[in-house]
Amino acid sequence: MAGQSDPHLSLFSAAEVEFLAEDETLEIVPNMKMDALNFICGDYGPFYPQITIEVPLWLAVALKKRGKCTIRPPQWMSVEKLTQVLEAERDSPREFQPLPFHYVEISRLLFDHARDDIPDMYMVRSLIEDIRNVRFHKVETGLETISARTHAVKLKNLSAMEVNIVRPFVVRTLQAFYKHDSPQMIQHPDRMANRQPQVADRGPRRDLRRR
Amino acid sequence: MAQYYNIDDIIMEEEIILVVFQVAANGVGLLDPSAETNSVEQGSKVELPFWLAQELHLRQAVAMNVLACFNQKTRKEIQADAACVDLRNRCPYFYELGCKIAPLVGDRTIGSFLLYTFSSRYKEVLSKAHSAAFAVAPKFLTLLTKEETHLYEAARSSMAAFKKWRTGGPRFERASILGIKRKPAN
């Protein structure tokens, strides 16, 4: 993809993932009146004071920096919801809880620019950090179960930033395992005479996470 | 041929292998340090780099012995505890060389042996690569072969990049060339 900064590692840099995350929409409350903004990606409709309007994150941050709006934190960013998610993450050791795909990036951008718009900011911040640590720990324990018989690794509900971190490692691991497990390498001793190509039986399909 | 330009492949093929000459060769006495005349006797043991040994083997001029790093001693060590064996000391291109040698030498067990080694080392060391603390790292790093280090570095660098992003900082970096002040030309 054009956004990859290091094609050798097939890795998006963190800033690129953040850039992609800025397309998510959220609600703002403008404090001034402005005409509709017409962009190539869409029109964002006339702004009236104290009337909530939905805009993408990049526009919300830009308006906030100029002091023209206040940002309403998204639904999932309340202390109650996050505590629920954290409890559920700790209770289920093999599953990930559904969270917005870009929750890490959205929360970081909001903490940097809209600090006063989020109630209980420190609590929310520490909750998100805890959730992130628990989820990453689960990813790591899951990585240990990759063995020679793994065709593919499926991780449900993993967020964009977490995927970005493990992507080069998992890709290379699977390649290395595939190289070592190919049928030419593992030969039965009695098949030395006739070298027919034989489809290796790779065992039943096994997901990293149970459904 | 796909690996012709791969630098790791080139360095890997420099590894020394012990071969036994099946024919007498004239004019290449340099290869055998114990030869009096400028030729190599039939049946003499010579150390050759892998690229040369492979070509001569295909022409049936030499017979390749098993490498030192695949002998019984190493196998026993790996079966005892795979994660603590210092593979970099023996042969930094352990897996690659094994993959290349297996079809040449008539040894069918190398493939499964490599798989076993890799999967047990992966389980112990590499799966913890992401969050390994810096104190633990040097101890393990010196034991890994080139390919394993490759994996390890991938995990480590992506984690470091994420942490750097998380601590924040300016989104736009000033290009370093703008900071260079020209001296007035006198």
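## Two sheets, two crossing helices and a cavity between chains

Helix α2 of chain A, made of residues 57–65, lies across the strands β1, β4 and β5 of chain A, and the helix runs at about 105° to β4(A). This arrangement, like everything described below, belongs to a predicted model, and the report therefore turns to confidence after the strands, the helices and the cavity have been described.

### The sheet of chain A

The strands beneath discussion here form an open sheet of three strands in the order β4-β1-β5 of chain A, with antiparallel pairing. At the edges of this sheet are β4, covering residues 53–56, and β5, covering residues 69–71, each of which pairs on one side only. From one strand to the next, the twist averages 45°.

Strand β1 of chain A, residues 25–30, is joined to β5(A) by three bridges, and these two strands run antiparallel. The pairing of β1(A) with β4(A) is also in the antiparallel sense and extends over four bridges. Which residues does A:Ile28 face in the two strands, β4(A) and β5(A)? In β4(A) the bridge partner of A:Ile28 is A:Ile53, while in β5(A) the residue standing opposite A:Ile28 is A:Ile71. A further pair across β1(A) and β5(A) is formed by A:Val29, which stands opposite A:Thr70.

### The sheet of chain B

Chain B holds an open sheet of three strands with antiparallel pairing, and its order is β4-β1-β5. The edge strands of this sheet are β4 and β5 of chain B, each pairing on one side only, and neighbouring strands are turned by 45° against each other on average when direction is ignored. Helix α2 of chain B, residues 50–58, lies across β1, β4 and β5 of chain B and runs at about 115° to β4(B).

Strand β1 of chain B, residues 16–21, pairs with strand β4 of chain B, residues 45–49, in the antiparallel sense over five bridges. Within that pairing, B:Val20 has B:Lys45 as its bridge partner in β4(B), and B:Ile17 has B:Leu48. On the side of β5, which covers residues 62–64, β1(B) makes an antiparallel pairing over three bridges, and there B:Val19 stands opposite B:Met64.

The table gathers the strand pairings of both chains.

| Strand pair | Direction | Bridges |
|---|---|---|
| β1(A) and β4(A) | antiparallel | four bridges |
| β1(A) and β5(A) | antiparallel | three bridges |
| β1(B) and β4(B) | antiparallel | five bridges |
| β1(B) and β5(B) | antiparallel | three bridges |

### Enclosed space

Rolling a probe the size of a water molecule over the atoms shows where empty space is left. In this structure there are two cavities of 30 Å³ or more, and the largest cavity holds about 60 Å³ of space. Which residues lie nearest the centre of the largest cavity? Its lining has ten residues, and those nearest the centre are A:Phe12, A:Asn164, B:Ser158, B:Ala161 and B:Phe162. Helix α6 of chain A, residues 160–180, and helix α8 of chain B, residues 146–166, each supply at least two residues of this lining. By character, the lining of the largest cavity divides into seven nonpolar residues, three polar residues and no charged ones.

### Confidence in the model

For the complex, the predictor gives an ipTM of 0.75 and a pTM of 0.75. Chain A averages a pLDDT of 79, with 80% of the residues scoring at least 70, whereas the mean pLDDT of chain B is 76, with 85% of its residues reaching 70 or more.

In chain A, confidence is highest in β4(A), at a mean of 92, and lowest in α6(A), at 83. Among the elements of chain B, α2(B) has the highest mean pLDDT, 84, and helix α7, residues 137–141, has the lowest, 66.

Two stretches of chain A call for particular care. Residues 1–7 of chain A stay under a pLDDT of 50, and the model has eleven contacts for them beyond four places in sequence. Over residues 188–206 of chain A the pLDDT is likewise below 50, and this stretch has 18 contacts in the model beyond near neighbours in sequence. Where pLDDT is low, the predicted coordinates should not be read in detail.

Terms used:
Residues are numbered from 1 along each chain as its sequence is written. Chains are lettered from A and ligands numbered from 1 in the order in which they are written. This is a predicted model: local features need pLDDT of at least 70, side-chain atom pairs count only at pLDDT 80 or more; totals for chains, interfaces and linings use all residues. Side-chain values use heavy atoms; hydrogens and water are left out. Two strands pair if DSSP finds at least two bridges between them. Axes are lines fitted to C-alpha atoms, for helices over the stretch in contact, and angles run from 0 to 180 degrees between N-to-C directions. Contact means heavy atoms within 4.5 Å. On a 1 Å grid over the protein atoms alone, a cavity is a set of points where a 1.4 Å probe fits but cannot get out, and a pocket is an open set with protein on both sides within 12 Å along at least five of seven lines; lining residues have an atom within 4 Å of a point. Grid points are joined across faces, edges and corners, and a volume is the space filled by probe spheres set on the points. Ala, Val, Leu, Ile, Met, Phe, Trp, Tyr, Cys and Pro count as nonpolar, Asp, Glu, Lys and Arg as charged, and the others, Gly among them, as polar. pLDDT is the predictor's confidence in each residue, from 0 to 100.
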